[in-house]
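Colleague: I have a model to go through with you. Can you put it up, and then we start with a helix?

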Amino acid sequence: MPLLGGVRPPIAALLCALLAVAVFTALGLGTVHEQDVPQALRDAERQIAEDAADTVGTSINARATAVRRAAASDAPAGSSTPVALLRSLLPAGHPAGGGALLDPRTGRPLAASGERVPLTGVDVPALVRPGTANIAPRLAFSGRGEPRLLLFARVAVPAPGAKRDENQDQAGDLRGDQGAEERELLLVVSERVAAPAVYGDGRTGQLADRNGKVLATTGTALAPRTDHRALPAAAANAANAGPPTGDVSGSELGDGHKGLRRVMGWASVAAADGKDDTSGLGLTVLTARDVPPAKEGADPTWFALVAAGALVVITVLVTLVLWGRMQRPLLRLHLSAARLARGVGETPSDRAELARPVPVAAFGEPGRAGRALESIRRQLLGETGPEPVRPVRRRPGVRALVLVCALVIAAWGIPLLFLLNRVPAAKAVPAAAVADQQARTEAAADRVRRSLGRSCTDLAAAASALSGAPRERAVEVLRRERADHPTFRSLYVLDRTGAVVLRVGKQPLRTLAHAPTGDGITQVNTSGPIPAIAAYAQVPAARKARNVKDAASTVVVAEIGVNALNSLVERQGLGSVWLTDKRHRVLAASVGFQAFQSLPHRGLTRLAARTEAAPGSPASAVLHAGTAPGEGPSVAAAAPLAQKGPVAGLGWRVVSAEPAAALKLAAYQLQARTMLAGLLALSVGVACLSWLHIVVVRPLRAVTGCAERLAGGDRRTVLYPVHHDECGSVTRSLELLRQALVERDRGGGRAYAASVPAPSFRSGGPPQQ
């Protein structure tokens with residue numbers, strides 16, 4: 001019957017797999033070349049553009065929300081005229097611009113403030129048609145061609161009183177027909193388009209519309225290039241031609257000029273889900289800076305060819321050794337055992353097979369099994385009796401042969417995995433990549449600062465609404481505030497004694513012990529399982545305050561959830577990011593952490609401390625040890641949260657660390673592919689040689705022991721073949737020989753041949769001597 005498996009498949013698999021690894025080594029390592037501008041810098045510029053676009057989008061959404069909230073608030077007393085109502089509705093602290101109240105039916109302005117609101121091309125009745133909820137912002141241009149952002153909000157005005165004549169209506173009275181409950185107006189706020197916030201020396205940022213027209217510019221002015229003038233239009237077209245979500249970004253590389261190359265990144269301002277206020281604006285952020293070209297490194301082609309050639313030589317030698325010392329002797333042993341099994345037949349031609357001696361290999365278990373078969377052949381012929389075979393245990397066999405082959409393969413793979421193509425991180429990471437890490441860390445700190453600042457501003461507006469409000473109205477204000485700010489996990493009001501007199505949301509982790517004065521952000525606790533961070537605002541005094549005994553000492557507090565801070569510092573490609581307090585203990589992070597733990601590496605702590613030595617200045621460096629056990633070098637940066645504003649006194653910092661191996665640098669790509677080649681060679685060698693040990697070495701050692709015991713006179717042990725391979729064939733043949741020896745020992749002479757069953761297979765003939 002045909003042999004299934006056996007010694008040939010593992011050796012053939014080892015040969016093919018190692019040759020494939022050699023091809024990968026030659027192609028994978030030989031194609032890594034240092035570029036003038038590494039891919040890591042292009043990716044970083046794209047991510048910096050994404051950070052700036054996220055900041056622009058967040059700012060526009062916050063301004064649109066502020067306008068809507070102002071329009072939804074109760075009109076103060078004395079605002080019955082359009083001018084007074086408009087003055088009360090314009091959000092505090094809005095950028096220089098103008099505002100207007102419009103009649104939604106005709107589009108006629110009823111009141112205006114500040115500069116003229118550009119409404120050319122804006123169909124007011126279409127904006128307020130029934131079924132529309134929030135009106136999305138629009139872009140417009142003033143009479144001087146300056147871009148303006150138009151923010152819209154519906155204003156519901158109560159209209160009690162008697163009907164006024166036409167002259168009074170035109171004079172600007174908001175009251176309408178008697179019996180009418182309310183009248184809807186349209187508030188329009190015109191703001192200047194803010195330039196994107198970008199960080200890093202020598203970097204510029206631009207904000208372009210859907211037609212590629214640059215609306216605002218910030219940062220260092222770069223020298224104009226002829227080949228880059230069409231970039232804003234090309235980036236805007238690519239951003240607006242992307243998927244409906246608008247989550248599109250990319251990077252471009254310019255030509256060389258005076259020894260510098262310009263790297264540019266662009267990103268769409270629209271949100272990933274395409275459902276925010278910026279989705280219809282078609283805005284695109286572009287960033288650019290000039291960087292020096294990278295230094296040319298050593299060409300790895302020669303190393304790749306030498307390493308691949310060495311592996312090919314090792315593969316051929318290992319295959320020849322396994323073929324000559326294991327495969328060929330085992331096949332000869334299989335044929336010899338089958339020939340002897342045929343020799344116990346009853347025909348003269350079968351008996352003639354016993355006359356030919358068994359060829360004996362000179363190495364290991366095949367040689368021992370061959371000598372045992374030769375002894376059995378002589379016993380069948382009656383030339384000798386049982387001859388116990390005493391194997392020499394210290395002599396190496398097939399197991400040692402497999403081990404030597406594994407060591408030879410490991411001698412090639414281990415240096416590639418641990419030693420070769422290593423480069424110091426200080427030399428491998430260009431200074432521009434370190435500067436990009438620092439710029440993105442500053443952007444993360446600015447994102448946290450802006451979010452906390454908006455929390456303080458909105459909480460102050462809510463505190464103003466609480467002044468003199470009854471309890472039911474106060475609860476409604478707090479609930480609306482929490483619904484508008486998912487970052488607030490709890491809102492509560494403290495009286496002058498520090499007691500909580502009103503609460504909305506979850507139970508606070510830890511309340512303030514005393515009612516603070518003014519507005520700001522505070523860190524409530526310095527220990528515990530969860531950091532407690534709160535924004536607070538003083539409730540203005542009211543003559544008829546019905547909620548507390550002393551309105552001047554009432555404070556509204558919003559507890560900020562840690563998960564919100566975690567999401568603020570988390571950015572793709574920035575690595576691990578931590579938000580620390582003034583003692584460099586972790587308050588929030590993009591990775592798992594314990595509250596108030598120290599930074600995971602002393603280098604990060606020293607980096608954060610450097611920002612204290614130079615207040616307001618970020619710091620960056622290449623750390624030679626990773627932030628986690630087993631990690632390699634990393635690029636780290638630290639930036640203070642703010643030097644002014646509500647969070648200035650906290651002393652918080654944002655610290656980031658990105659593994660240097662994660663950067664797309666040629667040195668680390670070559671190192672990674674070198675390690676991969678070594679790992680593949682070791683894995684292939686271990687897998688195939690383990691396969692060979694399981695299906696050949698262990699069964700062959702067992703068959704050799706059975707043959708030696710049978711030759712030594714053991715006639716009682718029945719041999720059972722397990723597999724349909726060479727070792728199984730030899731086992732079946734040994735069982736036939738055992739039965740023949742049992743018949744001979746009983747004195748049957750030639751009569752024993754009649755009781756021997758015919759073998760269940762036919763071999764291809766005797767081996768060549």
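Colleague: Where does helix H14 lie?

Modeller: Helix H14, residues 562-569, lies across S16 and S17 and runs at about 60° to S17. Helices (H or I, at least four residues) and strands (E, at least two) are DSSP runs numbered from the N terminus. Axes are lines fitted to C-alpha atoms, for helices over the stretch in contact, with angles from 0 to 180 degrees between N-to-C directions. Contact means heavy atoms within 4.5 Å.

Colleague: Anything to know before I read on?

Modeller: This is a predicted model, with residues numbered from 1 along each chain as its sequence is written. Local features need pLDDT of at least 70 and side-chain atom pairs pLDDT 80 or more, totals for chains, interfaces and linings use all residues, and side-chain values use heavy atoms, without hydrogens and water.

Colleague: What is the average pLDDT?

Modeller: The protein averages 83, and 85% of the residues score at least 70; pLDDT is the predictor's confidence in each residue, from 0 to 100.

Colleague: And where does pLDDT stay under 50?

Modeller: Residues 543-552 stay under 50, with 18 contacts beyond four places in sequence. Residues 749-769 are also below 50, with 40 contacts beyond near neighbours in sequence. Where pLDDT is low, the predicted coordinates should not be read in detail.

Colleague: Back to the sheet under H14. What is the strand order?

Modeller: S17-S16-S20-S19-S18, an open sheet of five strands with antiparallel pairing. Two strands pair if DSSP finds at least two bridges between them.

Colleague: Why is one side of S17 and of S18 left without a neighbour in the sheet?

Modeller: Strand S17 (586-589) and strand S18 (619-623) stand at the edges with a single partner strand each, so one side of each has no neighbour in the sheet. The twist averages 20° from one strand to the next.

Colleague: How many bridges join S16 to S20?

Modeller: Five, between residues 576-580 and 653-659. Thr 580 has Arg 653 in S20 as its bridge partner.

Colleague: Which strands does helix H15 lie across?

Modeller: H15 (residues 602-613) lies across S16, S18, S19 and S20, at about 160° to S18.

Colleague: Switching to the other sheet, what is the order there?

Modeller: S7-S6-S10-S9-S8, again five strands, open and antiparallel. Its edge strands are S7 (214-219) and S8 (249-257), each pairing on one side only.

Colleague: Which helix lies across S9?

Modeller: Helix H2 (residues 39-72) lies across S6, S8, S9 and S10, at about 40° to S9. Helix H12 (residues 431-466) also packs on the sheet, touching S6 and S10.
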